[in-house]
Amino acid sequence: MSSAPTFKRLPRAVREQQMLDAAVKVFSRRGFHAASMDEIADDAGISKPMVYAYLGTKEELFVACLRRETARMMEAIAGAAAPDLPADQRLWRGLRAFFGFVGAHRDGWAVLYRQARGSQPFAGELAAMRSRLVDVVAGMLDHALRAEGREVAATELEVVAYALVGASESLADWLADHPEADPERTATRMMNVAWLGAGQLLHGATWHPTTG
């Protein structure tokens, strides 16, 4: 009798998700360079040749992980921040969805934020994710300002959006390291920082350095 392992037949899409789930866990534990395709295949319960056949090289598999986790995160945020809500509620729900995603997918966040930013071409994938987040936040701010009867230059909106996204990413990285922390409370903390500052901007308040 043959001792070769046998694998249950599953639809390709289901099998690919199993591979990506296993890859995200291994990449988050090991980092890209130390992760092995053997370990990923073992975690997925499939053969290594099947991983290559479905998702390509380790580099291609890592990019596939990045893109799936990014899509999941953006879908969660977009689904929460309905356009007909008041501006503060849109931002709050977007932040709650973002931190909720990080709390529920700490391995995915580790791959997205920590493993990807250190090397090319993965840093480019991270930059693209950040750009999409910035566009979403800038759009929320622009909507809020227009509701107040004010318009702000696109560059100013972009700068504020980058600041909010950067602060949120840093706090999300903290959340990923503190499994005891509540994602919703973390979102509330970020909302207090973001909205109290944004609220002042919405009403035209600015700070200027003193001279002398």
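Trainee: In this predicted model, what share of the contacts between residues at least 6 apart in sequence join residues at least 24 apart?

Mentor: The share is 69% in the protein chain. A contact here means heavy atoms within 4.5 Å.

Trainee: What makes Thr-186 count as buried?

Mentor: Its relative accessibility is 0%. Buried means under 20%, so Thr-186 at 0% counts as buried.

Trainee: Where does Thr-186 sit, and which residues is it in contact with, leaving aside neighbours within four places in sequence?

Mentor: Thr-186 belongs to helix α9, residues 183-202. With those neighbours left aside, Thr-186 is in contact with Phe-99, Leu-171, Trp-174, Leu-175 and Ala-181.

Trainee: How many helices and strands does the protein chain have?

Mentor: DSSP runs give nine helices and zero strands. Read from the N terminus, the order of elements is α-α-α-α-α-α-α-α-α.

Trainee: What is said of the chain as a whole, in burial and in span?

Mentor: Of its 212 residues, 41% count as buried. The C-alpha trace spans about 85 × 40 × 35 Å along its principal axes. The accessible surface of the chain comes to about 11700 Å², and carbon and sulfur atoms account for 54% of that.

Trainee: Which residues of helix α2 are buried, and what do they pack against?

Mentor: In α2, residues 37-44, the buried ones are Met-37, Glu-39, Ile-40, Ala-41 and Ala-44. They pack against α1 (12-30), α3 (48-55) and α4 (58-80). Just after α2, Gly-45 has a positive phi of about 75°.

Trainee: Why is the space lined by Leu-95 and Leu-133 called a cavity?

Mentor: A cavity is a set of grid points where a 1.4 Å probe fits but cannot get out, whereas a pocket is an open set. The search of the whole structure finds two cavities of 30 Å³ or more. The largest cavity holds about 190 Å³ of space. Among its 15 lining residues, Leu-95, Leu-133, Val-137, Val-165 and Ser-168 lie nearest its centre.

Trainee: Which helices each supply at least two residues of that lining?

Mentor: They are α5 (87-104), α7 (122-147), α8 (154-176) and α9. Helix α9 is also the place of Thr-186.

Trainee: How many positive and negative side chains are there, and how far apart are the centres of the two sets?

Mentor: Lys and Arg count as positive, Asp and Glu as negative. The protein chain has 24 positive and 26 negative side chains, with the centres of the two sets 5 Å apart.

Key:
Residues numbered from 1 in each chain as written. Predicted model: local features only at pLDDT ≥ 70, side-chain atom pairs only at ≥ 80, totals over all residues. Heavy atoms only, no water. Buried < 20%, exposed > 50% of the residue type's maximum accessible area, 1.4 Å probe, protein only. Areas by Shrake-Rupley, 256 points an atom, 1.4 Å probe, with all protein chains shown as cover. Charge placed at Lys NZ, Arg CZ, Asp CG, Glu CD. 1 Å grid on protein atoms, 1.4 Å probe; cavity = no way out; pocket = protein on both sides within 12 Å on 5 of 7 lines; lining within 4 Å. Points joined across faces, edges and corners; volume = space filled by probe spheres on them.
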